[in-house]
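Trainee: Could you take me through one part of this fold up close? I'd like to follow one helix outward, from its two sides to whatever packs against it.

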Amino acid sequence: MIPTNGRILGVDWGEVRIGLALSDETQTLASPLETLHRRKGKRFPLRPFLELTAEHRPVGLVVGLPLSGEGHEEVSASAAREMATTLSRQTGLPLELCDERMTTARALATIQEQGGSTRGRKADVDALAAAVLLQQFLDARKNRREWAAEGAERTENFKEKLDR
């Protein structure tokens, strides 16, 4: 399980480009970090990834799991799982997988909403997609904690009423 304090590194996996994003220490905000490149058919660029990990010292990894539109795992999802396991093993960091459907589409929409062009900016789009993925994870995690705290409070209030 990823600790609740400290930076988290988000990874948006792709065959050619791997978008990276980093959270702040409070795990409130995700920002694009960088995009790593690999030539088609070549291995994941592990050395630059490990250098970035050493530099930013994250407490965990969130890796996007590319699912089909219906939510099924296909070939790319198993490749992403394999890569994620390797990254976790190499860094010693805890890992969580997160559905990455629509992250690139959201990144593209964000750029276009701000009047920007994506022409010639594929690397920027991939890093932004990683930030969208990581922000989605951070928000969902925060909402789960708040919901659990509210549930505990309701349970305690219920017990107090029973004791009266």
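Mentor: Start with the outward-looking side of H1, where Arg47, Glu51, Ala54 and Glu55 are exposed. Before going on, the ground rules: this is a predicted model, in which local features need pLDDT of at least 70 and side-chain atom pairs count only at pLDDT 80 or more, while totals for chains, interfaces and linings use all residues. Residues are numbered from 1 along each chain as its sequence is written, and side-chain values use heavy atoms, with hydrogens and water left out. Exposed means over 50% relative accessible area, buried under 20%, and partly exposed in between, using a 1.4 Å probe and protein chains only. Helices (H or I, at least four residues) and strands (E, at least two) are DSSP runs numbered from the N terminus.

Now turn H1 around. The helix spans residues 46–56, and its buried residues are Phe49, Leu52 and Thr53. Those residues line one face of the helix, because they fall within an arc of 100° when you look down the axis of H1; the arc is taken from the directions from the helix axis to the C-beta atoms. Covering them are, among others, E1, E2, E3, strand E4 (60–65) and helix H2 (75–91). Just after H1, Arg57 takes a positive phi of about 45°.

Phe49 is worth a second look. The structure holds 1 aromatic pair, and Phe49 is in it: its ring centre sits 5.6 Å from that of Phe44 with the planes at 70°, so the pair is edge-to-face. (For rings of Phe, Tyr and Trp, the last by its six-membered ring, a pair needs centres within 6.5 Å; planes under 30 degrees apart are stacked, over 60 edge-to-face, the rest tilted.) Both Phe44 and Phe49 are buried.

That pair leads into the largest nonpolar core, meaning buried Ala, Val, Leu, Ile, Met, Phe, Trp, Tyr and Cys residues joined through side-chain atoms within 4.5 Å. This core has 19 residues, and those touching the most other members are Val11, Leu20, Leu36, Phe44, Phe49 and Met83. E1, E2, H1, E4 and H2 each give two or more residues to it, and H2 has the largest share with 5 residues. There's also a second, separate core of 13 residues, including Ala21, Val62, Leu128 and Phe137.

Leu20 ties back to your helix. Setting aside neighbours within four places in sequence, Leu20 is in contact (heavy atoms within 4.5 Å) with residues including Phe49, Leu52, Leu36 and Val11. Ala127 and Ala130 are also on the contact list of Leu20.

To place all this in the whole chain: there are 4 helices and 5 strands, running β-β-β-α-β-α-β-α-α from the N terminus on. Buried residues make up 37% of the 164 residues. Of the contacts in the chain with a separation of 6 or more, 62% are between residues 24 or more positions apart.
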